[in-house]
Amino acid sequence: MSTTGIRQVKPKAEGWQQRKDAEGRPLLQFAAPRRVTKPPQHLADLTPEERVAKAKELGLPGFRAKQLAKHYFEHFTRDPERMTDLPKDGREELVASMLPNLLTEVRRLQTDGGDTIKFLWKLHDGALVESVLMRYPGRITLCVSSQAGCGMNCPFCATGQNGLTRNMSAAEIVDQVVRANEVIANGELGGKRDGDNSAERVSNIVFMGMGEPLANYKRVMQAVRTMIDKQQGLGMSARGITVSTVGLAPAIRKLTDEDIPVTFALSLHAPDDELRDEMIPVNSRWKVDEVLDAARAYFDKTGRRVSIEYALIKDMNDHPWRADLLAEKLNARGRGWVHVNPIPLNPTPGSVWDASPIAAQREFVRRLNDAGIPTTIRDTRGKEIDGACGQLVVTEEDERASADVA
Ligand code: SAH
């Protein structure tokens with residue numbers, strides 16, 4: 001196919017207006033628009049040392065914090081009645097001050113024969129977020145939110161359309177996992193084989209729910225540290241945690257320096273700045289080459305192979321020459337450090353774009369594979385419950401349902 005005569009579709013809003021800044025460029029929000037009341041402080045917001053200090057502040061011996069952490073992280077218990085190893089005296093107060101309720105379940109939608117659950121959670125201030133729990137053969141993955149809303153304003157993603165409400169606290173992020181573990185322990189996630197009595201829990205986390213995780217860097221990192229803490233956290237493997245970013249280069253470099261081998265995913269979606277400037281507003285600050293360099297440096301430091309996410313959009317970014325250009329830019333930075341995960345675009349409200357046709361998807365994948373870049377189309381879950389990539393957004397119906405919840 002020749003590269004001439006291919007229609008270059010530019011992102012264009014229909015049914016909604018992309019929010020603009022004073023200079024008429026797509027609005028980018030790195031901070032919540034107004035000061036909000038902070039979520040109650042929770043054990044998962046604190047380091048183990050800080051938890052001990054807090055217990056002492058409450059007039060209790062420091063080791064009570066450890067006992068409490070065990071109840072929460074290992075048994076998913078938040079009910080003081082069940083914490084019989086803690087003295088009755090002061091137990092309620094301890095639980096109230098260190099394990100306050102953070103997420104109230106508004107709604108749960110289940111699909112894929114019970115294997116996928118989308119949760120709608122209400123936070124203490126009424127902000128709404130979602131997480132998606134998915135059973136796969138041999139693993140259970142939770143897609144978590146890191147912000148209520150998102151300030152990155154990517155036109156093809158539903159979450160960005162309402163802007164950023166606020167950052168989530170570390171404990172609000174971690175609590176999504178604990179609550180999912182509780183659901184699994186109660187046998188409410190389908191798909192477990194008959195006769196399988198193994199204790200199960202979330203094994204993989206993807207920061208691909210609402211929000212830009214690297215725009216909420218400190219809290220996301222505290223959440224990650226709590227997820228991987230073997231003694232006083234969830235004891236998960238860092239490799240099973242995927243941090244996905246739209247490409248905040250300075251934050252990628254900071255993540256590299258943390259030396260925590262999480263899996264790193266970059267939402268690239270276009271290999272050229274001309275198109276990426278349109279699709280990913282933050283590309284106005286950090287260009288394709290800079291984010292690819294940062295991604296490559298992440299591999300150098302951690303040895304973890306980087307994922308490139310690429311939503312395949314019909315006639316927008318799915319051209320064969322773009323597959324070739326992507327391969328060229330990745331190979332220019334070495335071999336074996338990256339794989340590409342194209343995702344056929346999921347429909348979002350009011351969007352004018354479609355997923356690439358199967359033939360275009362195959363050709364895109366073939367060209368990358370032929371150039372030596374391992375490329376596999378990502379399997380999407382939860383499309384029919386609007387739980388798939390880019391579909392998480394608070395709807396009017398969600399707002400109404402949440403009004404009925406305390
Ligand atoms: N803000 C982070 C994580 C959230 S989204 C990031 O940008 O990486 C997770 C992935 O879904 C991202 O790669 C995002 O670009 C992609 N995505 C967004 N909208 C989509 C859509 N409509 N169809 C398919 N993927 C989409």
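This section describes the central sheet, a helix pair, the ligand shell and several individual residues of a predicted model.

The sheet is a good place to begin. Nine strands make up an open sheet with mixed pairing, and their order is β1-β2-β3-β4-β7-β8-β9-β10-β11. The edges are held by β1 (104-111) and β11 (338-344), each of which pairs on one side only. Averaged over the sheet and with direction ignored, neighbouring strands are turned by 20° against each other.

At the β1 edge, the partner is strand β2 (residues 116-122), and the two pair in the antiparallel sense over seven bridges. Within this pairing, R108 stands opposite F119 in β2. Helix α11 (residues 396-403) packs on the sheet here, touching β1, β2 and β3 (128-136). The direction of α11 makes about 130° with that of β1.

Further along the sheet, strand β7 (residues 204-207) and β8 run parallel and are joined by three bridges. Here V206 stands opposite T242 in β8. Strand β8 is mostly covered, with four of its five residues buried.

At the other edge, β10 and β11 run parallel and are joined by seven bridges. One residue pair of this region is E309 and N341, the latter being the bridge partner in β11. Although β11 is an edge strand that pairs on one side only, β11 is mostly covered, and five of its seven residues are buried.

Attention now turns to the ligand. There are 16 residues around the ligand, of which C157, S244, S267, C389 and G390 come nearest. Two elements of the sheet, β8 (241-245) and β10 (306-312), give two or more residues each to this shell. By class, the shell is composed of eight nonpolar, six polar and two charged residues.

G390, one of the residues that come nearest to the ligand, merits a closer look. G390 lies in the loop between α10 (358-370) and α11, the latter being the helix that packs on the sheet at β1, β2 and β3. G390 counts as buried because 22 C-beta neighbours lie inside 10 Å. Leaving aside neighbours within four places in sequence, the contacts of G390 are F156, C157, A158, A311, N346 and T348. Among these contacts is C157, which is also listed with the residues that come nearest to the ligand. By way of contrast, A327 is 63 residues from G390 in sequence, and the C-alpha atoms of these two residues are 25 Å apart in space.

Two loop residues stand out for their backbone. N153, placed in the loop between β5 (147-149) and β6 (164-167), has a phi near 60°, a positive value in a residue other than glycine. N153 counts as buried because there are 24 C-beta neighbours inside 10 Å. H269 is found in the loop between β9 (263-267) and α7 (273-279). The phi of H269 is near 65°, again a positive value in a residue other than glycine. With 25 C-beta neighbours inside 10 Å, H269 therefore counts as buried.

Among the helices, one pair can be described in some detail. Helix α6 (residues 249-258) and helix α8 (residues 288-302) pack with their axes 9 Å apart and at an angle of about 5°. Angles under 35 degrees count as roughly parallel, so α6 is roughly parallel to α8. On the α6 side, the contact is made by A249, I252, R253, L255 and T256. On the α8 side, E290, V291, A294, A295, A297, Y298 and K301 take part. The residues of this contact divide into eight nonpolar, one polar and three charged.

Finally, A55 offers a view of helix α1 (residues 48-57), in which this residue is placed. A55 is buried because 22 other C-beta atoms lie within 10 Å. Apart from neighbours within four places in sequence, A55 is in contact with L60, P61, G62, R64 and A65. S97 is 42 residues from A55 along the chain, and the C-alpha atoms of the two are separated by 9.4 Å.

Methods
Residues are numbered from 1 along each chain as its sequence is written. This is a predicted model: local features need pLDDT of at least 70, side-chain atom pairs count only at pLDDT 80 or more; totals for chains, interfaces and linings use all residues. Axes are lines fitted to C-alpha atoms, for helices over the stretch in contact, and angles run from 0 to 180 degrees between N-to-C directions. Angles under 35 degrees count as roughly parallel, over 145 as roughly antiparallel, 65 to 115 as roughly perpendicular and the rest as oblique. Two residues are in contact if their C-beta atoms, placed from the backbone, lie within 7 Å. Ala, Val, Leu, Ile, Met, Phe, Trp, Tyr, Cys and Pro count as nonpolar, Asp, Glu, Lys and Arg as charged, and the others, Gly among them, as polar. A residue is near a molecule or strand if its C-beta atom, placed from the backbone, lies within 6 Å of it. Two strands pair if DSSP finds at least two bridges between them. A residue is buried if 20 or more other C-beta atoms lie within 10 Å of its own, exposed if 12 or fewer, and partly exposed in between; C-beta atoms are placed from the backbone.
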